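Student: I have the sequence and the model open, and I would like to work through them with you. Please take my questions one at a time and show me the reasoning.

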Amino acid sequence: MTALSSENCSFQYQLHQANKPLNANCLLLLIILGKILLNILTIAMKRKNTYQTFMAYFCISLAFTDLLLLVNISLISYFRDFVLLGVRFTTYHICLFTQIISFTYGFLHYPVFLIACIDYYFNFSNTTKLPFKWQKLFYFFIIILIWISVLAYVLGDPTIYQSLKTQNVSSHQCPFYISFQSYWLSFSMVIILFIAFITSWSEVTTLIQAMRITSYMNETILYFPYSSHSSYTVNSKKTLLPKFIICFLGTWLPFVLLQVIILLLKVQIPAYIEMNIPWLYFVNSFLIATVYWFNCHKLNLQDTALPVDPFVNWKCCFIPLTIHNLEQTEKPLSTIC
């Protein structure tokens with residue numbers, strides 16, 4: 001009787017131990033599936049008539065990588081133990097693949113940010129303008145090079161290799177990499193936004209009080225009062241800063257508040273979750289606003305084809321626009337879409 005009870009307890013313990021990684025794998029699948037749905041929703045929400053940039057193509061590559069990770073984890077979770085092309089795959093590889101992806105995503109923030117800056121700089125310059133086909137191939141080459149370079153660094157770094165090797169010994173634990181790059185990038189952007197908001201507080205308040213909401217060409221817009229001294233050339237940096245702040249926060253305020261909460265509470269988010277398409281488009285809007293602001297004296301918005309943000313219509317911050325049905329007398333209005 002004692003032996004039977006002992007065997008029964010041993011079987012229940014083994015069953016409990018086997019269910020632990022299985023439950024963790026199911027949770028991982030749900031998280032990645034939710035991330036993919038969020039990526040698809042973000043891509044579907046963005047404006048369609050936007051000029052394709054490096055960031056747009058990189059977002060597509062990130063969505064494809066997330067989908068590839070989901071397919072791999074699903075297959076391994078279903079078959080559990082199988083051999084493919086002479087390589088044996090087990091549930092351990094779910095943790096291994098996700099850890100490699102986490103390290104790769106964690107080291108991508110700075111390179112993507114830097115290349116996006118360079119891309120927008122050349123978009124503002126009329127000296128180097130490639131045909132659309134060649135520009136698309138160039139973006140594809142750069143993105144492939146970034147992925148291969150970062151992945152090679154992750155797999156070749158001795159510290160990371162030792163961390164992955166340790167996980168092979170203790171397979172019941174699967175910690176994921178927390179990216180310091182995303183932390184400092186988020187911290188820097190929040191600090192810059194805070195300083196800009198404080199320095200132009202009175203102008204922002206005045207503009208908010210003067211704004212109106214209406215519908216124009218089947219699109220809901222906000223618009224600023226028109227200044228009689230405005231023209232089709234861009235105003236000074238001091239005039240544009242409060243408009244840019246309202247444009248940016250009008251679209252990304254919930255995301256900014258989320259970043260503030262994460263920074264204040266020191267929330268540790270795994271890198272495979274933190275690198276996502278909403279985050280990249282948030283960084284993209286910040287970059288475009290920064291480049292516009294620093295180059296405002298070079299811009300002639302009637303003649304120059306400029307980078308277009310998929311979520312914020314920056315041109316409407318400083319282009320006078322005539323809307324006939326809003327006023328009895330037709331006045332040009334500087335709008336935010």
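Student: Let's start with a cysteine: is C117 buried, partly exposed or exposed?

Tutor: This is a predicted model, where local features need pLDDT of at least 70 and side-chain atom pairs count only at pLDDT 80 or more, while totals for chains, interfaces and linings use all residues. Residues are numbered from 1 along each chain as its sequence is written, and side-chain values use heavy atoms, with hydrogens and water left out. Buried means under 20% relative accessible area, exposed over 50%, and partly exposed in between (1.4 Å probe, protein chains only). C117 has a relative accessible area of 26%, so C117 is partly exposed.

Student: Nice, and how many disulfides are there by the rule used here?

Tutor: The rule asks for a pair of cysteine sulfur atoms within 2.5 Å. C26, for one, is a cysteine that is partly exposed, at 39% relative accessible area. By this rule, the number of disulfides is zero.

Student: Stepping back, what share of the protein's residues is buried?

Tutor: For the overall layout, the secondary structure has eleven helices and six strands, taken as DSSP runs (helices H or I, at least four residues; strands E, at least two) and numbered from the N terminus. Among contacts, meaning heavy atoms within 4.5 Å, with a separation of 6 or more, 78% join residues 24 or more positions apart. Out of the 337 residues, the buried share is 42%.

Student: Which helix gives the most to the largest nonpolar core?

Tutor: A nonpolar core is a set of buried Ala, Val, Leu, Ile, Met, Phe, Trp, Tyr and Cys residues joined through side-chain atoms within 4.5 Å. The largest one has 62 residues, and F54, Y105, L108, L280, F282 and W314 touch the most other members. With twelve residues, the top contributor is the helix at residues 277-294, α11.

Student: W314 is on that list, so to speak; which residues does W314 touch, leaving out those up to four places away in sequence?

Tutor: W314 is among the residues of the largest core that touch the most other members. With residues up to four places away in sequence left out, the partners of W314 are F244, C247, F248, S285, I288, A289, Y292 and D309.

Student: How many residues make up the other core, which lies apart from the largest one?

Tutor: I246, in helix α9 (residues 237-265), is one of its members, and I246 is buried at 10% relative accessible area. Others among the members are A196, V204 and I245. The size of this other core is six residues.

Student: How far apart in space are the C-alpha atoms of I246 and I208?

Tutor: Along the sequence, I246 and I208 are 38 residues apart. From C-alpha to C-alpha, their separation in space is 7.9 Å.

Student: Which residues does S200 touch, again setting aside those up to four places away in sequence?

Tutor: S200 sits in the loop between α7 and α8 (201-210). At 3% relative accessibility, under the 20% limit, S200 counts as buried. Its contacts are L241, P242 and I245.

Student: Now the outside: which helix gives the largest share of the nonpolar patch?

Tutor: Patch residues have over 30% relative accessible area and no salt bridge, with like charges joined within 9 Å and nonpolar side chains (Val, Leu, Ile, Met, Phe, Trp, Tyr) within 5 Å. This patch covers about 910 Å² and includes Y110, F180, W184 and F194. Y110 lies in helix α4 (residues 109-124), and at 39% relative accessibility Y110 counts as partly exposed. Eight of the patch residues come from the helix at 180-199, α7.

Student: Which residue forms a salt bridge with K35?

Tutor: A salt bridge is a side-chain nitrogen of Lys or Arg within 4 Å of a carboxyl oxygen of Asp or Glu, and the structure holds one. The N to O distance is 3.1 Å, and the pair joins helix α1 (residues 2-45) to helix α2 (residues 54-79), so parts 31 residues apart in sequence are tied together. K35 is buried at 8%, and its partner, buried at 2%, is D66.

Student: Last one: what is the phi of K266 near?

Tutor: K266 is in the loop between α9 and α10 (271-274) and is exposed, with a relative accessible area of 65%. Most residues other than glycine have a negative phi. K266 has a positive phi, near 55 degrees.

Notes. Areas by Shrake-Rupley, 256 points an atom, 1.4 Å probe, with all protein chains shown as cover.
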